[in-house]
Amino acid sequence: MSRLDRCHDLDDMREAARRHLPRGLFEFVDRGAERDAALAENVAAFRRVKLMPRFMVDLSRRDMGTEIFGRRIALPLAIAPTGIAGLCWHQGELALARAAAAFGVPFTLAAASITSMETIAEKGGGRRWFQFYIWQEEDLAFAMVERARALGYEALFVTVDTALGRTREYNDRNGFTDPISLNARFLADMARHPRWLAGVMARYALTTGMPRHENYPPQYQHRITRGTASAPKNSVTMTWDHIGRLRRLWPGPLVVKGILSADDARRAVDQGADGVVVSNHGGRALDSAPATIDMLPAVVAAVGDRATVLLDSGVRHGSDIVKAVAMGAKAVLVGRATLYGIATAGEAGAAKVLSMLATQFEKNMGYIGCRTVAELGPHVLAPRGTGS
Ligand SMILES: Cc1cc2nc3c(=O)[nH]c(=O)nc-3n(C[C@H](O)[C@H](O)[C@H](O)COP(=O)(O)O)c2cc1C
């Protein structure tokens, strides 16, 4: 029985990823910020929402697809941008892009990825979105956006919720940094994971050389193992005017990622954004942030009639997708779920995660008597307080 055959649900996949990756890298992927409060709250809030079963509905014909930015997707889901996914698996971003393409859902490439946007454009297939941060050196960040436009990336996501960086003491404890510093602690950690060392790091070393942030401008393209190397810093001076500037630069769908309030959603859309992602960065930024599913209704009420509202942070099961769409999200993004998949088995692992989520989604839709995504709405939710 293969590693993948033993993964029957996302918890199994997470456990397989934990065994495969060095602890420092696994915790970087798996944990949140500070005391992991927002991380836990995201998941708990989804569980507090209950769905109302409805029976005696003819379920012989069902369609789980929907449209986003005018084009069809197979499931109301896209893969979220995650930096350094290429350390979980050799060219992990390509594995994610291909799994998404095969499944018929979009893939969002992070500027901070290992695999270059050119490689993804050439070999990834499917619908490609690009995410970036506004750096202190704004022109360098905007030059990346120009590259993404020239390569035909469909939508641009600008993430606004991490200007000050994150507080993640567990990374310090593990000796894990980005760029990676080869300290005794992390060296020992890597040595305890020979399969990862051979399958990821040695494979890079023997082919394209040690991994780098391949989208970054040349002055920041250091080997990822050069721990003391300089890295671009996120801007602390960005304001809503920057969204207006991006609007003038980017002809396609423009999405602001990291929105939690109705007011910020309105400002983003007033500056020309076509969409917002209700997100607390998977609980990786402000640890006292509220759960995104709790904030979704206010954002939908504020901008749902003139912008595409997406949601991420805490999606671990197909029923979470049902709940988010019922509350007005057009689709969800998943970050960790598909990272556990690639860390376990590359493209096949990500494909298995997508298929698990799709099966759960379809089953839950059936139980609440919905045959299409258009039938979802607040009426499928049990009254608040039910069962919790
Ligand atoms: C390892 C890791 C790296 C991430 N890197 C980025 C990034 O470069 N840019 C970004 O906008 N979000 C990044 N995120 C946040 C995700 O896009 C997304 O908001 C989050 O993972 C959603 O929560 P979930 O993991 O609970 O699905 C990252 C998340 C993880 C887990």
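## Lysine 257 and its strand partners

In this predicted model, lysine 257 has valine 277 as its bridge partner in β8. On another strand, the residue that stands opposite lysine 257 of β7 is threonine 159.

These pairs belong to longer contacts between strands. β7 and β8 run parallel and are joined by four bridges. Strand β6, residues 155-159, also pairs with β7 in the parallel sense, over four bridges. How is the path from β7 to β8 arranged? The two strands, together with helix α11 (residues 262-270), make a right-handed β-α-β unit.

## How enclosed is β7?

Strand β7 covers residues 254-259, and six of the six are buried. A residue counts as buried when its relative accessible area is under 20%. The strand is therefore largely enclosed by the rest of the structure.

In general, the side chains of a regular strand alternate between the two faces of the sheet.

## The ligand and its surroundings

Lysine 257 also takes part in the contacts with the ligand: an N or O atom in its side chain is 2.9 Å from an oxygen atom of the ligand. Arginine 316 has a side-chain N or O atom 2.8 Å from a ligand oxygen atom. For glutamine 131, the ligand atom is a nitrogen, 3.2 Å from an N or O atom in the side chain. How much of the ligand does the protein bury? Taken alone, the ligand exposes 600 Å², and the protein buries 97% of that. The elements that give two or more residues to the shell around the ligand are α2 (23-30) and α14 (336-367).

The ligand is surrounded by 23 residues. The closest are Pro81, Thr159, Asp312, Gly314 and Arg316. Thr159 is thus named here as well as opposite lysine 257 in the strand pairing. By residue class, the shell divides into eight nonpolar, ten polar and five charged residues.

## Backbone features in the loops

Which two residues does a cis peptide bond join? They are aspartate 178 and proline 179, with omega at about 0 degrees. Proline 179 is found in the loop between α7 (169-174) and α8 (184-191).

Two residues that are not glycine have a positive phi: for glutamate 34 the value is near 50 degrees, and for histidine 281 it is about 65 degrees. Glutamate 34 lies in the loop between α2 and α3 (37-48). Histidine 281 is in the loop between β8 (275-278) and α12 (292-303).

## Buried or partly exposed?

Are these two loop residues buried or partly exposed? Histidine 281 has a relative accessible area of 11%, so it counts as buried. Glutamate 34 has a relative accessible area of 38%, so it is partly exposed. The cut-offs behind these words are under 20% for buried and over 50% for exposed, with partly exposed in between.

Glutamine 221 is placed in the loop between α9 (194-206) and α10 (240-249). Its relative accessibility is 24%, and glutamine 221 therefore counts as partly exposed. Glutamine 221 and proline 211 are ten residues apart in sequence. In space, the two are 9.4 Å apart from C-alpha to C-alpha.

Technical notes:
Residues numbered from 1 in each chain as written. Predicted model: local features only at pLDDT ≥ 70, side-chain atom pairs only at ≥ 80, totals over all residues. Heavy atoms only, no water. Near = heavy atom within 4 Å. Polar contact = N/O pair within 3.5 Å; in protein donor to acceptor, adjacent residues only side chain to side chain. Areas by Shrake-Rupley, 256 points an atom, 1.4 Å probe, with all protein chains shown as cover. Nonpolar A, V, L, I, M, F, W, Y, C, P; charged D, E, K, R; others polar. Buried < 20%, exposed > 50% of the residue type's maximum accessible area, 1.4 Å probe, protein only. Pairing = 2+ DSSP bridges. Right-handed = clockwise from strand over helix to strand, strands pointing away.
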